[in-house]
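Thanks for sharing this one. Here are my notes, with the structure placed first so that you can follow along.

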Amino acid sequence: MTEQDNILLTQTGPRTPCGELMRRYWQPAALSEEMPAGAPPLPIKLLGEELVLFRDEGERLGLIDAHCAHRGADLSYGRLEDGGLRCIYHGWLYDVNGKIIDMPGEVDGGKSFRDSICHKSYPVEERAGVIFAYMGPGKPPLIPNYGYLTVPINHVFVTKIYQECNYLQANEGNIDIVHLSFLHFNKHRDTGGPGIEPVKFSGRGGAPGLETTEADLTDFGLRVCKIRKVGDDRKYLRVGNFVMPNLSAPPGQFNGHEGYLMNWHVPIDDTHHWKYIIIFNRQRPIDADEQRRSRLELTDGYRPVRNKSNRYLQDRTSMKTESYSGIGLVFQAQDVCITESAGAIQDRTKERLVMSSDAAIVVARKLILKGIQDVKEGRDPQHVIRDAASNNLSHLFAYSGIVPKETNWKDLCNGIAAEARQ
């Protein structure tokens, strides 16, 4: 990769090419649990912009520029009163759309002046435990109707994790499927797939010489499959997805149309991001407490317990008997370590990709670059949905299972997708 392309893919602030791409999609801005009724204003940094999220007395949500249009004071310290958010410096009052509705220090509340001020604000929608923001121009597109938006709220679990690195390297880890057999190789848990005999810990990981990775283009992005030999007459398939522009949908703990996991990597700025984790099950409710116990090790503020400052609590003794990485048994912590360790912004000019396992990463980058070009030329990029009749993502699914060795994984997936559309 050239240095220029690496910059194109990783810089997401205002007026950057990739930032303009990201702003054509709804992006998670916060979790609903961060903004219960009566909550104080929440300072947010999103795509390099400092914003404040608040609920007025009618519980309407507003997302506006964090700095008062008068003298630049931080509005997150403001008072929630009189139908909006009031700056504590000079009392200017903003409604949820950023309109200034009172200037108490001016004659007649500033009526002759305040309408001339356009304070930056963004549309927000609250869906399935997530507060989404649209930061782009013109009429917002539809929020894609992902599976978790089609089930009861108790069938969904959402949380987020703070990561000290660029969004791209973390999202690329989701479609780097071979790493499952190494980084996530834990005792009594061969991550290669169900029904496969556990193998002895070694420097060769869980599936030496037995795996390949293939990819297939879709209307939402890319479908990625890991293929692993199982005996003489079977193979294991693990199908996940790259979803434009900064999501992925791997199998997680559910299979097929029962449900899947979504990892949504949202830039805070170019060197930090939030990883939103969304899990859903179409058939039964999800135990949120169990999800937190088994999948997460977080402090207050959604920061990982294992982090750069403590070297992710790596235990080299456990590498001999329990965990290939020595970073506990929780996949999320292992992922945080390895993606942050590549640097705040990975220098992709130094990497050496292997096409037998990295083809999906190459194609995903090309899709993002194509999206950047589409925006530059005035077109909607891939997976921007404006037609309600087309907002059907039932063909987005994840799969893992053992099949006869002659099975064509693309035909299998096309069959599952066709059945889901019926």
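In what order do the four strands of the open sheet run, and is their pairing parallel or antiparallel? Please keep in mind that this is a predicted model.

1. The order is β2-β3-β4-β9, and the pairing is antiparallel. At the edges sit β2 (42-46) and β9 (121-122), each of which pairs on one side only.

2. Within that sheet, have a look at β3 (residues 49-55) and β4 (residues 61-65), which are joined in the antiparallel sense by five bridges. One pair to pick out is arginine 55, whose bridge partner in β4 is leucine 61.

3. Next, helix α6 (residues 331-340): eight of its ten residues are buried, so the rest of the structure largely encloses it. The buried residues are Gln332, Ala333, Gln334, Asp335, Val336, Cys337, Thr339 and Glu340. Their packing partners are two strands and two helices by name: β12 (156-163), β18 (272-280), α4 (167-175) and α5 (288-295).

4. Helix α6 also takes part in the second largest pocket, where α4, α6 and α7 (355-376) each supply at least two lining residues. The largest share, five residues, comes from α4. This pocket has a volume of about 440 Å³. Its lining counts 23 residues, and those closest to the centre are Gln169, Gly173, Asp176, Ile338 and Thr339.

5. Finally, what is the make-up of that lining by class? The second largest pocket is lined by nine polar, eight charged and six nonpolar residues. Thr339 is worth a second look on screen, being one of the buried residues of α6 and also among the lining residues closest to the pocket centre.

How values were computed:
Residues numbered from 1 in each chain as written. Predicted model: local features only at pLDDT ≥ 70, side-chain atom pairs only at ≥ 80, totals over all residues. Heavy atoms only, no water. Pairing = 2+ DSSP bridges. Buried < 20%, exposed > 50% of the residue type's maximum accessible area, 1.4 Å probe, protein only. Contact = heavy atoms within 4.5 Å. 1 Å grid on protein atoms, 1.4 Å probe; cavity = no way out; pocket = protein on both sides within 12 Å on 5 of 7 lines; lining within 4 Å. Points joined across faces, edges and corners; volume = space filled by probe spheres on them. Nonpolar A, V, L, I, M, F, W, Y, C, P; charged D, E, K, R; others polar.
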